[in-house]
Amino acid sequence: MEMSKENIEIIMKRRHHIACYTTDQRLRLKLASLLDFAQDMAGDHADILGFGNDLLLEHRIVWVLSRIKLKMDSYPLWREDMEISTWHRGLEGPLYIRDYRMADANGRQIGVMTTSWLLLNVDERRIVRSDVATDEARICTDKAMDELATKVRLPKDIVMEDCGEHRVCYSDVDKNGHTNNVRYTVWALDALDRDFVTEHPVREYEINFVKEAMPDEVVRIRRGQAPCENGTLWYVEGYVGEHQSFICKILF
(Lines give C-alpha, C1' and ligand atoms only; values in the text may rest on other atoms or scores of the structure.)
Protein backbone atom coordinates (compact mmCIF):
# COMPACT_ATOMS: atom_id res chain seq x y z
CA MET A 1 0.00 0.00 0.00
CA GLU A 2 1.31 3.46 -0.88
CA MET A 3 2.09 5.63 2.14
CA SER A 4 0.35 8.95 2.64
CA LYS A 5 0.69 11.69 5.20
CA GLU A 6 -2.51 10.41 6.77
CA ASN A 7 -1.07 7.05 7.81
CA ILE A 8 2.52 7.83 8.82
CA GLU A 9 3.96 9.91 11.62
CA ILE A 10 5.51 12.82 9.73
CA ILE A 11 6.59 14.56 12.93
CA MET A 12 7.71 12.37 15.81
CA LYS A 13 7.19 13.73 19.32
CA ARG A 14 8.63 12.12 22.42
CA ARG A 15 8.54 13.14 26.06
CA HIS A 16 11.75 12.61 28.02
CA HIS A 17 12.03 12.48 31.79
CA ILE A 18 15.38 13.88 32.93
CA ALA A 19 17.15 11.17 34.93
CA CYS A 20 20.08 11.85 37.25
CA TYR A 21 22.61 10.14 34.95
CA THR A 22 21.78 12.56 32.12
CA THR A 23 22.61 15.69 34.14
CA ASP A 24 25.69 17.58 35.27
CA GLN A 25 26.77 18.81 38.69
CA ARG A 26 24.21 21.64 38.47
CA LEU A 27 21.43 19.10 37.78
CA ARG A 28 21.14 20.47 34.24
CA LEU A 29 20.65 18.16 31.25
CA LYS A 30 24.03 17.61 29.59
CA LEU A 31 24.43 18.52 25.94
CA ALA A 32 25.67 15.00 25.25
CA SER A 33 22.54 13.53 26.85
CA LEU A 34 20.35 15.73 24.65
CA LEU A 35 22.23 14.51 21.58
CA ASP A 36 21.74 10.92 22.76
CA PHE A 37 17.98 11.54 22.85
CA ALA A 38 18.15 13.07 19.38
CA GLN A 39 20.10 10.27 17.71
CA ASP A 40 17.78 7.67 19.23
CA MET A 41 14.73 9.48 17.87
CA ALA A 42 16.33 9.87 14.45
CA GLY A 43 16.79 6.12 14.18
CA ASP A 44 13.31 5.27 15.42
CA HIS A 45 11.64 7.83 13.16
CA ALA A 46 13.59 6.63 10.12
CA ASP A 47 12.27 3.12 10.86
CA ILE A 48 8.70 4.45 10.87
CA LEU A 49 9.24 6.34 7.62
CA GLY A 50 10.58 3.26 5.87
CA PHE A 51 14.27 4.07 5.56
CA GLY A 52 15.71 2.90 8.87
CA ASN A 53 19.14 1.36 9.37
CA ASP A 54 18.02 -2.27 9.40
CA LEU A 55 16.19 -1.96 6.09
CA LEU A 56 18.95 0.02 4.39
CA LEU A 57 21.67 -2.33 5.62
CA GLU A 58 20.07 -5.10 3.57
CA HIS A 59 21.26 -3.02 0.59
CA ARG A 60 24.65 -2.33 2.25
CA ILE A 61 23.70 1.30 2.95
CA VAL A 62 23.98 3.17 6.27
CA TRP A 63 23.12 6.61 7.58
CA VAL A 64 26.13 8.75 8.50
CA LEU A 65 25.73 11.93 10.54
CA SER A 66 27.74 14.75 8.97
CA ARG A 67 26.87 17.99 10.78
CA ILE A 68 24.91 19.38 13.73
CA LYS A 69 23.86 22.96 14.49
CA LEU A 70 22.03 23.66 17.75
CA LYS A 71 20.73 26.67 19.68
CA MET A 72 19.45 26.36 23.27
CA ASP A 73 17.79 29.01 25.43
CA SER A 74 17.64 26.79 28.51
CA TYR A 75 17.98 23.16 29.60
CA PRO A 76 15.62 21.06 31.73
CA LEU A 77 16.73 19.99 35.17
CA TRP A 78 16.81 16.66 36.97
CA ARG A 79 13.31 15.17 37.41
CA GLU A 80 11.76 17.62 34.95
CA ASP A 81 10.25 16.60 31.63
CA MET A 82 10.93 17.85 28.13
CA GLU A 83 9.44 17.13 24.74
CA ILE A 84 11.48 16.73 21.57
CA SER A 85 9.92 16.89 18.11
CA THR A 86 11.78 15.74 15.01
CA TRP A 87 11.08 15.44 11.31
CA HIS A 88 12.78 14.54 8.03
CA ARG A 89 13.14 17.56 5.73
CA GLY A 90 14.39 15.73 2.66
CA LEU A 91 17.41 16.37 0.46
CA GLU A 92 19.58 19.51 0.26
CA GLY A 93 22.38 18.82 -2.22
CA PRO A 94 24.02 15.55 -1.11
CA LEU A 95 22.74 15.90 2.47
CA TYR A 96 19.50 14.73 4.05
CA ILE A 97 18.21 17.19 6.64
CA ARG A 98 16.56 16.31 9.96
CA ASP A 99 15.35 19.05 12.28
CA TYR A 100 14.37 19.15 15.95
CA ARG A 101 12.50 21.38 18.36
CA MET A 102 12.90 21.11 22.12
CA ALA A 103 10.20 22.24 24.54
CA ASP A 104 9.82 22.26 28.32
CA ALA A 105 7.07 20.46 30.22
CA ASN A 106 4.68 23.35 29.54
CA GLY A 107 5.28 23.30 25.79
CA ARG A 108 7.50 26.41 25.72
CA GLN A 109 10.22 26.14 23.08
CA ILE A 110 13.67 26.02 24.67
CA GLY A 111 15.84 25.02 21.72
CA VAL A 112 16.17 24.10 18.06
CA MET A 113 18.54 21.92 16.09
CA THR A 114 19.23 20.97 12.51
CA THR A 115 21.29 17.95 11.45
CA SER A 116 22.72 16.85 8.11
CA TRP A 117 23.14 13.21 7.08
CA LEU A 118 24.68 11.19 4.26
CA LEU A 119 23.73 7.79 2.92
CA LEU A 120 26.85 5.71 2.43
CA ASN A 121 27.45 2.41 0.66
CA VAL A 122 29.49 0.52 3.26
CA ASP A 123 31.33 -1.66 0.74
CA GLU A 124 32.30 1.00 -1.78
CA ARG A 125 32.49 3.90 0.73
CA ARG A 126 30.59 6.16 -1.65
CA ILE A 127 27.61 8.48 -1.17
CA VAL A 128 24.31 7.15 -2.51
CA ARG A 129 20.69 8.31 -2.61
CA SER A 130 17.40 6.74 -1.60
CA ASP A 131 14.12 7.21 -3.47
CA VAL A 132 12.23 6.42 -0.27
CA ALA A 133 14.01 9.18 1.67
CA THR A 134 13.07 11.74 -0.99
CA ASP A 135 9.40 10.69 -1.15
CA GLU A 136 7.31 13.81 -0.45
CA ALA A 137 4.86 11.73 1.62
CA ARG A 138 7.63 11.21 4.18
CA ILE A 139 8.91 14.79 4.24
CA CYS A 140 7.99 17.77 6.39
CA THR A 141 9.34 21.06 5.01
CA ASP A 142 9.05 23.01 8.29
CA LYS A 143 12.35 24.56 9.38
CA ALA A 144 13.49 24.50 13.00
CA MET A 145 15.94 27.28 12.07
CA ASP A 146 16.45 29.24 8.88
CA GLU A 147 20.06 28.22 8.34
CA LEU A 148 21.47 24.75 7.79
CA ALA A 149 24.50 23.29 9.54
CA THR A 150 27.49 24.44 7.51
CA LYS A 151 31.21 23.72 7.43
CA VAL A 152 32.97 24.82 10.63
CA ARG A 153 36.14 26.76 9.83
CA LEU A 154 38.74 28.06 12.27
CA PRO A 155 39.03 31.85 12.44
CA LYS A 156 42.12 33.13 10.66
CA ASP A 157 44.02 34.38 13.71
CA ILE A 158 42.98 31.79 16.29
CA VAL A 159 45.76 30.07 18.24
CA MET A 160 45.05 26.37 18.75
CA GLU A 161 46.79 24.45 21.51
CA ASP A 162 47.13 20.73 22.12
CA CYS A 163 45.21 19.82 25.27
CA GLY A 164 45.40 16.04 25.45
CA GLU A 165 44.92 12.73 23.73
CA HIS A 166 42.17 10.14 23.89
CA ARG A 167 42.50 6.53 22.87
CA VAL A 168 39.22 5.24 21.44
CA CYS A 169 38.01 2.64 23.93
CA TYR A 170 35.08 0.35 24.68
CA SER A 171 32.77 3.11 25.94
CA ASP A 172 33.24 5.17 22.75
CA VAL A 173 32.32 2.50 20.21
CA ASP A 174 28.77 1.89 18.97
CA LYS A 175 27.05 -0.88 17.00
CA ASN A 176 28.75 0.26 13.79
CA GLY A 177 32.18 -0.50 15.22
CA HIS A 178 33.40 3.09 15.33
CA THR A 179 33.16 6.07 17.69
CA ASN A 180 29.55 7.10 18.28
CA ASN A 181 28.84 10.64 17.16
CA VAL A 182 27.92 11.86 20.65
CA ARG A 183 31.34 10.89 22.05
CA TYR A 184 33.04 13.64 20.03
CA THR A 185 30.92 16.18 21.91
CA VAL A 186 31.93 14.58 25.21
CA TRP A 187 35.61 14.85 24.24
CA ALA A 188 35.20 18.47 23.14
CA LEU A 189 33.57 19.63 26.38
CA ASP A 190 36.02 17.61 28.47
CA ALA A 191 38.83 19.52 26.74
CA LEU A 192 37.63 22.76 28.36
CA ASP A 193 37.79 23.93 31.97
CA ARG A 194 35.41 21.78 33.99
CA ASP A 195 34.29 24.54 36.36
CA PHE A 196 33.59 26.92 33.48
CA VAL A 197 31.54 24.37 31.54
CA THR A 198 29.61 23.46 34.70
CA GLU A 199 28.61 27.07 35.33
CA HIS A 200 28.00 28.13 31.72
CA PRO A 201 25.58 26.02 29.66
CA VAL A 202 26.20 25.74 25.92
CA ARG A 203 24.02 28.26 24.06
CA GLU A 204 25.05 27.43 20.49
CA TYR A 205 26.87 24.40 19.16
CA GLU A 206 28.10 23.26 15.77
CA ILE A 207 30.07 20.15 14.91
CA ASN A 208 31.34 18.57 11.70
CA PHE A 209 32.17 14.87 11.63
CA VAL A 210 35.05 14.64 9.19
CA LYS A 211 36.61 11.19 9.59
CA GLU A 212 35.46 8.41 11.90
CA ALA A 213 37.72 7.46 14.80
CA MET A 214 38.19 3.71 15.11
CA PRO A 215 38.88 1.51 18.16
CA ASP A 216 42.38 1.94 19.64
CA GLU A 217 43.15 4.98 17.49
CA VAL A 218 44.58 7.94 19.40
CA VAL A 219 42.74 11.22 18.90
CA ARG A 220 44.80 14.35 19.55
CA ILE A 221 42.54 17.11 20.91
CA ARG A 222 43.23 20.79 20.19
CA ARG A 223 41.38 23.88 21.43
CA GLY A 224 41.38 27.61 20.90
CA GLN A 225 39.37 30.57 22.14
CA ALA A 226 38.12 33.16 19.68
CA PRO A 227 37.03 36.77 20.31
CA CYS A 228 33.27 37.06 20.86
CA GLU A 229 31.14 40.04 21.87
CA ASN A 230 28.15 38.09 23.16
CA GLY A 231 29.67 35.23 25.11
CA THR A 232 32.66 32.90 25.31
CA LEU A 233 33.53 31.11 22.08
CA TRP A 234 35.72 28.01 21.82
CA TYR A 235 36.79 25.84 18.92
CA VAL A 236 37.80 22.24 19.54
CA GLU A 237 39.07 19.77 16.96
CA GLY A 238 40.43 16.25 16.98
CA TYR A 239 43.10 14.68 14.80
CA VAL A 240 44.00 11.05 14.16
CA GLY A 241 47.53 11.26 12.85
CA GLU A 242 47.52 14.04 10.27
CA HIS A 243 43.81 13.71 9.48
CA GLN A 244 41.14 15.84 11.10
CA SER A 245 38.46 13.69 12.71
CA PHE A 246 36.04 16.37 13.94
CA ILE A 247 35.78 20.10 14.53
CA CYS A 248 33.28 21.99 16.63
CA LYS A 249 32.34 25.53 17.59
CA ILE A 250 30.95 26.07 21.09
CA LEU A 251 29.34 29.30 22.29
CA PHE A 252 28.71 29.68 26.03
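Which residue caps the N-terminal end of α3? In this predicted model, the residue is N180, and the close-up views described below begin with this helix and its cap.

**View 1. The capped N-terminal end of helix α3 and its buried residues.** A side-chain oxygen of N180 lies 3.0 Å from the backbone nitrogen of V182, and it is through this pair of atoms that N180 caps the N-terminal end of α3. The helix, which spans residues 181-190, is largely enclosed by the rest of the structure, because eight of its 10 residues are buried. The buried residues of α3 are N181, V182, Y184, T185, V186, W187, A188 and L189, so that V182, whose backbone nitrogen takes part in the cap, belongs to the buried set. An α-helix has 3.6 residues a turn, so residues three or four places apart point the same way.

**View 2. The largest pocket and the elements that line it.** The volume of the largest pocket is about 1200 Å³, and 40 residues form its lining. Those that lie nearest the centre of the pocket are W63, V64, L65, N176 and H178. At least two lining residues come from each of α1, α2, β2, β4 (95-104), β5 and α3, and the element that gives the most is α1, with seven residues.

**View 3. The largest cavity and its lining residues.** When the whole structure is searched, one cavity of 30 Å³ or more is found, and the largest cavity has a volume of about 60 Å³. Its lining is made up of L35, A38, Q39, L65, I68, Y100, M113, T115, W117 and N181, with α1, β2 and β5 each supplying at least two of the residues. Two residues of this lining also appear in other views: L65 lines the cavity and is among the residues nearest the centre of the largest pocket, while N181 lines the cavity and is one of the buried residues of α3.

**View 4. H45 in helix α1 and its surroundings.** H45 is placed in helix α1, which covers residues 31-49, and it counts as buried, with a relative accessibility of 0%. Its side chain reaches the backbone oxygen of I10 at 3.4 Å. Residues up to four places away in sequence aside, H45 touches E9, I10, I11, M12, T86, W87, H88 and R98, and I10 is therefore both a residue that H45 touches and the one whose backbone oxygen the H45 side chain reaches, around a histidine that is buried.

**View 5. Strand β8 with its partners β2 and β11.** Strand β8 (residues 204-209) is mostly covered, five of its six residues being buried. It runs antiparallel to strand β2 (residues 61-72), to which five bridges join it, and on this side I207 of β8 stands opposite I68. Strand β11 (residues 243-251) also pairs with β8 in the antiparallel sense, here over six bridges, and the bridge partner of N208 in β11 is I247. In a regular strand the side chains alternate between the two faces of the sheet.

**View 6. V210 in the loop that follows β8.** The loop between β8 and β9 (218-226) holds V210, which counts as partly exposed at 48% relative accessibility. With neighbours within four places in sequence left aside, V210 is in contact with Q244, S245 and F246. The C-alpha atoms of V210 and R126 are separated by 14 Å, although the two residues are 84 residues apart along the chain.

**View 7. Two arginines with positive phi.** Phi of R60, a residue other than glycine, is near 65 degrees, and R60 is found in the loop between α2 (53-57) and β2, where it is partly exposed at 39% relative accessibility. R125, which is not a glycine either, has a positive phi of about 55 degrees. This arginine is found in the loop between β5 (109-121) and β6 (126-128) and is partly exposed, its relative accessible area being 48%.

**View 8. Cysteines without a disulfide.** The count of disulfides comes to zero. For C228, the nearest cysteine sulfur is that of C248, 15 Å away, whereas for C248 the nearest is that of C163, 10 Å away; a disulfide would need the two sulfur atoms within 2.5 Å. C228 is partly exposed, with a relative accessible area of 29%, while C248 is buried at 0% relative accessibility.

Conventions: Residues are numbered from 1 along each chain as its sequence is written. This is a predicted model: local features need pLDDT of at least 70, side-chain atom pairs count only at pLDDT 80 or more; totals for chains, interfaces and linings use all residues. Side-chain values use heavy atoms; hydrogens and water are left out. Buried means under 20% relative accessible area, exposed over 50%, partly exposed in between (1.4 Å probe, protein chains only). Helices (H or I, at least four residues) and strands (E, at least two) are DSSP runs, numbered from the N terminus. Two strands pair if DSSP finds at least two bridges between them. A polar contact is a pair of N or O atoms within 3.5 Å; within protein, one must be able to donate a hydrogen and the other to accept it, and residues adjacent in sequence count only if both atoms are side-chain atoms. Contact means heavy atoms within 4.5 Å. On a 1 Å grid over the protein atoms alone, a cavity is a set of points where a 1.4 Å probe fits but cannot get out, and a pocket is an open set with protein on both sides within 12 Å along at least five of seven lines; lining residues have an atom within 4 Å of a point. Grid points are joined across faces, edges and corners, and a volume is the space filled by probe spheres set on the points.
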